[in-house]
Amino acid sequence: NLAIPFYANFQNVGDAPLLMLENSSNSFQKLIDSRLRSSLSALVRQTLKLGNVKEARTIMRLLSKKNIIVPTTIVTSFQVLPISNGSNIRSQGRHSEEYS
């Protein structure tokens with residue numbers, strides 16, 4: 001699932017790649033953060049069961065941080081797919097260019 005749904009229309013379709021990249025990054029970061037916090041919580045519980053309070057406190061400090069994961073580089077690619085004739089997307093003016 002994406003972090004936040006986004007929509008593009010013919011007026012702002014040029015922004016769609018950036019919106020998709022930001023949304024993918026946010027979604028991935030939330031997913032990894034959630035899984036990491038879940039794993040760390042399980043590790044804290046297990047550590048406490050073994051009686052190692054000092055190590056449990058160290059792990060709990062990580063859990064208290066707002067952003068455990070901070071991405072520094074994101075690499076992605078996009079591929080434009082043709083719209084089928086049966087699509088329910090209505091064209092608001094046609095624009096075509098040839099690239100050679």
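# Questions on a predicted model with helix α1

Q: With a relative accessibility of 41%, does Gln 46 count as buried, partly exposed or exposed?
A: In this predicted model, Gln 46 has its place in helix α1. Buried would require under 20% relative accessible area and exposed would require over 50%. Because the value for Gln 46 is 41%, this residue counts as partly exposed.

Q: How far apart in space are the C-alpha atoms of Gln 46 and Ala 56?
A: Gln 46 belongs to helix α1, while α2 covers residues 53-64. Along the chain, Gln 46 and Ala 56 are ten residues apart, and the separation of their C-alpha atoms is 8.7 Å.

Q: How many helices and how many strands are there in the chain?
A: Helix α1 runs over residues 16-49, and α2 runs over 53-64. The full count for the chain is two helices and zero strands.

Q: What distance does α1 reach from its first C-alpha to its last?
A: Helix α1 has 34 residues, and at 1.5 Å a residue the expected span is 50 Å. The reach in the model is close to that expectation, at 49 Å.

Q: Which residue with a positive phi follows α1?
A: Helix α1 ends at residue 49. After the helix comes a residue whose phi is positive, near 85 degrees, and that residue is Gly 51.

Q: Which helix is included in what covers the buried residues of α1?
A: The buried residues of α1 include Ser 25, Asp 33, Arg 37, Leu 40 and Val 44. What covers the buried residues of α1 includes the helix at 53-64, namely α2.

Q: Which residue forms a salt bridge with Arg 37?
A: The count of salt bridges comes to one. Its two partners both lie in helix α1, four residues apart, or about one turn of the helix. The closest N and O atoms are 2.8 Å apart, and the partner of Arg 37 is Asp 33.

Q: Is Asp 33 buried or exposed?
A: The cut-off for buried is under 20% relative accessible area. Asp 33 has 17% relative accessibility, so this residue counts as buried.

Q: Which residues have a backbone oxygen that lies 2.6 Å or 2.5 Å from a polar atom of the side chain of Arg 37?
A: Arg 37 is found in helix α1, and beyond four places away in sequence it touches residues including Lys 66, Asn 67 and Ile 68. A polar atom of its side chain lies 2.6 Å from the backbone oxygen of Leu 63. At 2.5 Å from a polar atom of the side chain of Arg 37 lies the backbone oxygen of another residue. The two residues are therefore Leu 63 and Lys 65.

Q: Which residues does Ser 25 touch, not counting residues up to four places away in sequence?
A: Ser 25 is found in helix α1, and at 16% relative accessibility it counts as buried. Leaving aside residues up to four places away in sequence, the residues that Ser 25 touches are Pro 71 and Ile 74.

Q: How far apart in space are Leu 21 and Thr 76, C-alpha to C-alpha?
A: Leu 21 has its place in helix α1 and is partly exposed, with a relative accessible area of 27%. In sequence, Leu 21 and Thr 76 are 55 residues apart, but in space their C-alpha separation is 7.6 Å.

Q: What separates the C-alpha atoms of Glu 22 and Ile 4, in Å?
A: Glu 22 also has its place in helix α1, and with 42% relative accessibility it counts as partly exposed. Glu 22 and Ile 4 are 18 residues apart along the chain, and their C-alpha atoms are separated by 9.8 Å.

Q: What percentage of the residues of the chain count as buried?
A: The chain exposes about 9200 Å², with carbon and sulfur atoms supplying 55% of that area. Of the 100 residues of the chain, the share that count as buried is 11%.

Q: Over which residues is the pLDDT below 50?
A: The chain averages a pLDDT of 79, and 80% of the residues score at least 70. One stretch, which has four contacts in the model beyond near neighbours in sequence, falls below 50. Where pLDDT is low, the predicted coordinates should not be read in detail. The stretch with pLDDT below 50 is residues 90-100.

Conventions:
Residues are numbered from 1 along each chain as its sequence is written. Side-chain values use heavy atoms; hydrogens and water are left out. A salt bridge is a side-chain nitrogen of Lys or Arg within 4 Å of a carboxyl oxygen of Asp or Glu. Buried means under 20% relative accessible area, exposed over 50%, partly exposed in between (1.4 Å probe, protein chains only). Contact means heavy atoms within 4.5 Å. The expected span of a helix is 1.5 Å times one less than its number of residues. pLDDT is the predictor's confidence in each residue, from 0 to 100. Accessible areas come from the Shrake-Rupley method with a 1.4 Å probe; for residues, only the protein chains shown count as cover. A polar contact is a pair of N or O atoms within 3.5 Å; within protein, one must be able to donate a hydrogen and the other to accept it, and residues adjacent in sequence count only if both atoms are side-chain atoms.
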